[in-house]
Structure formats: C-alpha cells, structure tokens
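I opened the model and kept notes as I went. The entries follow in the order of looking.

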Amino acid sequence: MEQPGPGSDDTIIRVENLEHLYGDFRAVDGISFTVKKGEIFSFLGPNGAGKSTAINILITLLSLQKGTATIAGYDVTTDAQKVRESIGIVFQDITLDRDMTVWELLEFHGRLYDMPVKERRERIDELLILVQLEAKRNELSKRLSGGMKRRLEIARGLMTRPKVLFLDEPTIGLDPQTRMRMWEYIKNVNREGTTIFLTTHYMDEADQLSDRISIIDHGKIIISGTSDELKNTLGRDLIYLDTDNNGNAMKLLEQVPSVREITAKGNRIALMVNEDGTKVLPGIIDTLRNAGIEISTINLKKPTMDDVFVFYTGSELRDEGQAPARQIFLRGGR
Amino acid sequence: MGYGFLTVYWRDMIRFFRFKTLLISSLLQPALWLAFFGIAMSSNFDRLMAGMPVPEGAYAVGYLTFMGAGIIAMTTLFTSLFSGIVILFDKNWGLMREILASPVNRNHIIVGIAMSGVTKSFIQAIIIMAFGILIGAAFFAGYTPVQIVIGVLGVLAFVAMFALGFLFLSAAIAISMESPEGLQGVMTLLTMPIFFASNALYPIDTFPEALRIISAYNPMTMLINGIRYFAIGPDFYALGQHYLFTPGEVLLSFLGLVLFSAIMFTLAWWRFRRAVVT
Ligand SMILES: Nc1ncnc2c1ncn2[C@@H]1O[C@H](COP(=O)(O)OP(=O)(O)O)[C@@H](O)[C@H]1O
Ligand SMILES: [Mg+2]
C-alpha cells in the first residue's frame, strides 16, 4: 500500500534556500537541509529563531515564498495535498477542543483524513495504549493535564501513520519528569518507523533525542551535525579562566600548542583544547604564573550542547522577551 | 475527500448538544419573548385595534401570532450570526490549524458549518412554533394535515436560506477577526438594525419612506414574509393591517434570500481561501 513519492531515495525531507518574510522582516533566511528516512532531526534555536515559521511552510500552512521544499518526494507548493496526507503534526500551542473527549478528538482526526471506520477505531485503541490514555478515553480534553494533552496530540499526529511527524516544541511547558517520558514516546514512535522532525529550544532535548541537529538562529542554520560532531567541533575539553589581565593572558595562551581556539566573553576566557584538559591545565597555569598573571577562577569541562550553542550563536538561549543573556559561558554543565 | 463536511458537521453537533445550558437558554430566550412581550403586548394591541374594523369575513390574527413569526426570525438571526464564534475560538485556540493542515477542502469547512447551523435553526424554529401554538399563537390554524406539512416545510425552507446567509457572513467575519470581543461587538452592532428595521414586531407600512425601503430589502423582512405566508396564511389582518401575499411575492422573497446567501457564501469562500492560521 505504501506509495513512494516520486524520486524517493532515503531522503524524506529536502529543503533548499528556504526564505520567509513577514512584511520586510526576514524570519527564515535561506535555509537548506535534508532529513533521512527514519531519523530524528531537530531544529535547535531560541525563541524567534524562525523554527515555527519553517515548520509551518513545510506542513503547508504558510505558503512558500522562496526556495524549494519536498516531503516524501512531494513538493509543498505543487503537491500540497499529497504532503498533507504524508505528515502528522503536533503544533507548538495546544490545539484541542476543550469540550470534546479524547476519543472524539481522535475520531474527528481520523474522519478528517477519510480513514475507514474499522481502521480508524482500531488505530485509536492502539494509540491510546501507546500514549497511556486508555483510562481517559471519555474524558473531556479540558480535564487532562498538560502532559496528557501533549500525549493526546502526539497520538493524533500518528493516527494516519504519517511518514513524517512534525513536533513543534513538543515538551514546552512540561515538568522534567513528563518531558523525559515524552522523549520515550517519541523514541518509541521513531523506532516504529516514523521520521521525526522536531524543533526545540531545550539543549538537552535536542541532545538526547536527535540523530542530527541543526542549530538555527535569526532564520539561518548555523551548523548541523550529530550531537557528538557538534561538540567535537569545540575540541576535547573546554577550560574557562578568569584572570586579572585577560588581554595578556590570551596573548600568552595563544602560544600553547594544544590550545585550539581562544575566545573572550565578558571577563572570562574560554579555551578549546585538543587534548585531555587535565594534562594541559598545569602548563597553562605555569605559563600565566610565570608572566605574573593572577588566576582567580579556573574551570574545566567537556563541551555540552550549551557550549556548542553559545559558541556558534554568540549568545545563551534566551527566553521569550528576554534580551540575550550577558553572562556568557557562566553556566556549567547540567 | 468527499465527506469532509460531514466530519465538520458531526463535530459541531456534538458541541451543540453538549452545552446543555447554552442549548436551553437559546430556546428559553425566544420562549420568554413570546410569553412576556407577546402576551403582554397582545392585550394592548388587541384593545387598541378594537376600534379598527376588519372587513366582514376577513381572517384576523392576534399580536402573538403576528410577532411569533418575528421571534422565529430573530432566533435564527442570533443563532446564525453568533455561530461564527466557534470558528474564532478554533482559529485561536482550537482545531482550525488541524483542519487547515488536513487534506480536507476548505469549502467543506464552510459547508459543514452551514449544515450544522441550519440544523440548529431548524430545531429552534420547530420548538418555537410548537411553544407558540401551546400558548395560543394561531400557527397553521385550520390547516389540513397536508397543508400543515407544506406549511412547516415552507417555513423551514425560508429559515434555512436566511440562516445560511448569516452563517456565511458570520464565518467570513470570524475568520478575519482576531478577538472574540471584536466579533461580539460587530455582531451586536449588526443584529440591532437588522432586527428593528424589519417587520418582526410591527408593520413597516407606517415607517418613514427611507426606512421602509431599507426594511423591504432587509433579509429579515423577507424571511418573516415567508414564515407568515406559510404559518399564518396568504391573506390575513393583523394590527389593523391587511397582509396579502401572492405566491409570486413569496417566491420573490425567497429568491431574495437565495441571492443574499449566495453573496455571503462568496464572501466566506474568499475569506477562507486567504485565511492564514499559524
Ligand atoms: N505572523 C507573523 N507576523 C509577523 N512576524 C512574525 C509572525 N510570526 C512570527 N513572526 C516573527 O518571526 C520570527 C520567527 O518566529 P517563529 O518562526 O515563531 O520562531 P520560533 O518558532 O523559532 O520561536 C519572530 O521574530 C517572530 O516574532
Ligand atoms: Mg516556535
């Protein structure tokens, strides 16, 4: 029954030079990427980066202004109908009717997609078990907790056995435990063969869930790769230093062979080193001591997604409405 | 995607029957109008009109019967106009994105909403007529069973056509607006003149010239003419006025409503095509 789209190989999403303007504000600024069949692929970026805009174009809710995008081999502009039949969506905001029951909402979705009655009903039963909502089958959606609503929406997104499931910030506003469980659901769904495209502004979510990540900021993809690849671009270890003369310290440290890159943020120096940091550290301390530079704090750690993000976007993940954080590199690992 | 509209219809009807208080109040309001305004004004008007002679053998109806038709029309107007609110809620917080991103054709959304709106208006019209008869309105008085069936169908045909027009208008406004408050404002602004510049509660012949012309082209007046023709009869006296409808005039009123609905459908269709909900 599976009808492969035209020209299908193992690329299921292909986007080239996608742009989107709201008025003259460039929300998506020429992004290109591909997602392979069976992958979990993430857009990691702060609020306002353009993630939802990009998703809305891919799911055909916003019309494509510039560039090309195909999903399962279908062009989002010329084959919107086919695209719609191939995908499932969980929107960033809850989109449930408060006054309909769990079962009714799934039934409604199945009817919207013209699923035959028997298949529809069987699928609802299966999915309610998958997302552990059997007990809530006849509950109005307004009486569900935030996590349950999300699970219901994921179940709804899976009703039609989509080739790609889009999840726009699936765990936003959920407590840590629920988030963790949600990740399990998402992994299960992926294991059953659904390609997942998700957006998030949570580092750990991107890190733990995704096969590949694209960091996106100001409408541009800044870097893409697996979590390890991204971290490895920052070297093996990161050393943070705080001295009484950062300017001189940086000049001196540039000479140290295993130091790959030095950046200064605020009153703090960050060193990326290619070797085991614990071995490099004594040499660094000696070098600075000999030059008469006082070290006030020193910190050694493995690069995390946060570091990757901060390095490539030059800012901490900012929350809604907040100005970019200034205490760059202050936060340690989680 | 042949049956998308049925899905939209099914969902709307679930909501209609789920909100018991809303359902009851939507029926209670016209009942109260009939019971209080209708009966109270009846005795007044009937006394006032006592001096006005009705020709020998002519058929005269009381005020309750006269305004009963107006109350059916008023209820249809309110229900239809305010039905757009669900679209607005869907757009902001509900299922609109799900529906728009699904393979369902957008016209089906409009058609589904229209069907459920008409169904609701039918239920209300029938209940109001029954209640009216119960408290003494002379609807279908002296009709044979066949005439009653024709009469009821005629009333419903007019109600449907009128409801469609305002449902489409409401949908078009709702899909274009941001806040429920704004929508509510526009609706309230619309209902007043439509209701009062019609022959719902009083004859329009005594209106000033300009207002009379406006009233004559008011879809509400066309609907009420249709209801009176089918529920009371083609030739009767009320409030001292002679009401005489030829089948041609009634047909013209109906066609007026058809035209009105067609224009509103086009408007809604155009607004929905352009609708971007993200
Ligand atoms: N409908 C809109 N009109 C104007 N600007 C918008 C609209 N939607 C989003 N934006 C702006 O576009 C940018 C990207 O938004 P969005 O795609 O929602 O980002 P994200 O999902 O990454 O938080 C933001 O600056 C946002 O304010
Ligand atoms: Mg977003």
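**Notebook: contacts, cores and backbone**

I began with B:T7, which I found in helix α1 of chain B, residues 4-18. The model is a predicted one. I asked whether B:T7 is buried or exposed. B:T7 has 4% relative accessibility, so I logged this residue as buried. I then listed what B:T7 touches, leaving out residues up to four places away in sequence. The list reads A:F108, A:R111 and A:L112.

**Helix pair in chain B**

Next I looked up α7(B), residues 145-176, and α8(B), residues 180-196. Their axes come within 10 Å and cross at roughly 150°. The cut-off for roughly antiparallel is over 145 degrees, so I entered α7(B) as roughly antiparallel to α8(B). The crossing of α7(B) past α8(B) is right-handed.

Which residues make the contact? From α7(B) I noted B:F166, B:L169, B:S170, B:I173 and B:A174. From α8(B) I noted B:L183, B:V186, B:M187, B:L190 and B:I194. I sorted the contact residues of this pair by type: nine are nonpolar, one is polar and none is charged.

**Cores**

I turned to the largest nonpolar core and found 150 residues in it. Which residues have the most contacts inside this core? They are A:I13, A:F33, A:I71, A:F166 and A:F197. I also checked which element gives the most to this core; α7(B) does, with 18 residues.

I followed up A:F197, setting aside neighbours within four places in sequence. Its contacts include A:I13, A:F33, A:V35, A:F41 and A:F43. A:I55 and A:L58 are also among them. So is the run A:V164, A:L165, A:F166 and A:L167.

Another core lies apart from the largest one and has 16 residues. Among them I noted A:L241, A:A249, A:I262 and A:L271.

**Positive phi**

Last, I checked the backbone. Most residues other than glycine have a negative phi. I noted two exceptions in chain A.

A:T60 has phi near 70°, a positive value in a residue other than glycine. I placed A:T60 in the loop between α1 (51-58) and β4 (66-71) of chain A. Is A:T60 buried or exposed? The relative accessible area of A:T60 is 10%, so I entered this residue as buried.

A:E169 also has a positive phi, near 50°, and is not a glycine. I found A:E169 in the loop between β7 (164-168) and α6 (176-191) of chain A. At 2% relative accessibility, A:E169 went down as buried.

How values were computed. Residues numbered from 1 in each chain as written. Chains lettered and ligands numbered in written order. Predicted model: local features only at pLDDT ≥ 70, side-chain atom pairs only at ≥ 80, totals over all residues. Heavy atoms only, no water. Axes fitted to C-alpha atoms, helices over the stretch in contact; angles between N-to-C directions. Helix = DSSP H or I, 4+ residues; strand = E, 2+ residues; numbered from the N terminus. Parallel < 35°, antiparallel > 145°, perpendicular 65-115°, else oblique. Left-handed = near helix turned anticlockwise from the far one by under 90°. Contact = heavy atoms within 4.5 Å. Nonpolar A, V, L, I, M, F, W, Y, C, P; charged D, E, K, R; others polar. Core = buried A, V, L, I, M, F, W, Y, C linked by side-chain atoms within 4.5 Å. Buried < 20%, exposed > 50% of the residue type's maximum accessible area, 1.4 Å probe, protein only.
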